[in-house]
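Student: I would like to go through this model step by step. Please show it to me before I ask anything.

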Amino acid sequence: MRTKPYEIAVIPGDGIGIEIVDAALALLDKCEAHYGIRLNRTRYDFSAELYRSTGRKITAAEMDEIGETKDAVLFGAMGLPDVRGPEGLELGAQVEMRAHYGLFASLRPVRLFAGVEGPLKNQHVDMLVIRETSEGMFAGLGDLHEPNDESATDRMTITRATSEKLFDVAFSQARARRKRGTPGRVTLLHKSNALRSNVLLEKVFDEVAARNPDVESAKHYIDVGAMYMVTDPERYDVIVTENIFGDITSEIAAGIGGGLGIAPSADVSLTHGVFQPSHGSAPDIAGRGVANPIAMFLSAAMMLEWLGERHSDPLCTRAGQCIQAAVEIVLAEGPRTPDLGGSASTHDVTEAVLAALAS
Ligand code: ATP
């Protein structure tokens, strides 16, 4: 049994990030009381708002300190539409942490819960999209020549080393999900008929699949896969794909799963994990107390399950699973925030999940 507390870095960020992280911290308090786990939290106030007023953003030294002394990062949302970083891009520490910690896989589980109406009527949706996040077209390799008004080029890079790690994560996630009744199937979405980089991607997938014969595997072209996700989502359990295809398919998944307010995510490597909702800081509803905290709660649950798995700690895994069960009850019975057609506040939903967790 683990005797040391887990060290958690908490970065609320901007907008509704602050509101939903406060709600998640109340949930973690309850988990400590109920499941005998200990979670030491250290708060870091990096945000686009801080950058606007002081010019300060997270530094490499601060990320080193967090990476060396913390077991996981719980992140709200960062970025405001009118605050740009030095490179003219929207400011958010997520991208920097991905690069700094070598977080190569983004995990987005999507489930259409009872009580939530998705756009696909009567379809069963229960899938995990795993997106590679360190290479592909976003590897930052840039242009072969300076872009000009006549032409500009981006490059897609796939490496064997990263693909192997990515597919290992996919197969082990499929195995873990199978314990709660999913088929245990990994599907690669790719475009090897048109992109040379994807020929390598497919080749490495076949090799890793052959090493994991207990888990079913399949391959679909990305265009066909995008259609199946909408017309026949039951085909999919774990979807794994490269960076830009994953960027798009994880948004499709969030859409068919009932919306951003309930879509959690995790960015992981073999050693580091950052857990955050899929949505942004939602400035349009910030400060009104109506943000849906459920995506944040499910992200906290993923963090606890990830810690439990890494440290062979059944108490921590159980706490994560119990958060999910409590969320399921509240989504089925209410209360619901306005994004899910209800009129409840963040506070109402938080209280209901806390009560369901205790029951
Ligand atoms: P980013 O680019 O930072 O991901 P974005 O500008 O694409 O962010 P979000 O901040 O995610 O968008 O918001 C998109 C829409 O979804 C907004 O209308 C917002 O109010 C709504 N939304 C996002 N998260 C939630 C939530 N937790 N509860 C309720 N509504 C939400």
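Student: How many nonpolar, polar and charged residues does the shell around the ligand have?
Tutor: The classes work like this: Ala, Val, Leu, Ile, Met, Phe, Trp, Tyr, Cys and Pro count as nonpolar, Asp, Glu, Lys and Arg as charged, and the others, Gly among them, as polar. Sorted in that way, the shell has six nonpolar, seven polar and two charged residues.

Student: Which residues of the shell are the closest to the ligand?
Tutor: A residue is near a molecule if its C-beta atom, placed from the backbone, lies within 6 Å of it. In this model 15 residues surround the ligand. The closest are G261, H279, G280, A282 and N292.

Student: What kind of model is this, and what average pLDDT does the protein chain have?
Tutor: This is a predicted model, in which local features need pLDDT of at least 70, side-chain atom pairs count only at pLDDT 80 or more, and totals for chains, interfaces and linings use all residues. Residues are numbered from 1 along each chain as its sequence is written. pLDDT is the predictor's confidence in each residue, from 0 to 100; 97% of the residues score at least 70, and the protein chain averages 93.

Student: Is A282 buried or exposed?
Tutor: A282 is found in the loop between β10 (273–277) and α9, where helices (H or I, at least four residues) and strands (E, at least two) are DSSP runs, numbered from the N terminus. Phi of A282 is near 40 degrees, a positive value in a residue other than glycine. A residue is buried if 20 or more other C-beta atoms lie within 10 Å of its own, exposed if 12 or fewer, and partly exposed in between, with C-beta atoms placed from the backbone. A282 has 22 C-beta neighbours inside 10 Å, so A282 is buried.

Student: S312 also has a positive phi; is S312 buried or exposed?
Tutor: Phi of S312 is near 45 degrees, and S312 sits in the loop between α9 and α10. With 10 other C-beta atoms within 10 Å, S312 is exposed.

Student: Where does the largest nonpolar core lie with respect to the domains?
Tutor: A nonpolar core is a set of buried Ala, Val, Leu, Ile, Met, Phe, Trp, Tyr and Cys residues joined through C-beta atoms within 7 Å. The largest one has 96 residues, and its largest share, 12 residues, comes from helix α9 (residues 294–310). The domain bounds come from an automatic or database domain assignment. Because domain 1 (1–102 + 284–359) and domain 2 (119–143 + 152–256) both give residues to this core, it lies between them.

Student: How far apart are the C-alpha centres of domain 1 and domain 2?
Tutor: The assignment gives the protein chain domain 1 and domain 2. Their C-alpha centres are separated by 26 Å.

Student: Which residues does D14 touch, leaving out those up to four places away in sequence?
Tutor: D14 lies in the loop between β1 (6–13) and α1 (16–35). D14 is buried, with 26 other C-beta atoms within 10 Å. Contact requires C-beta atoms, placed from the backbone, to lie within 7 Å. By that rule D14 touches S47, A48, E49, A77, M78, G79, L80 and S281.

Student: Which peptide bond is cis, with omega near 0 degrees?
Tutor: The place to look is P335, in the loop between α10 (314–333) and α11 (346–358). The cis bond runs from G334 to P335.

Definitions and conventions. Contact = placed C-beta atoms within 7 Å.
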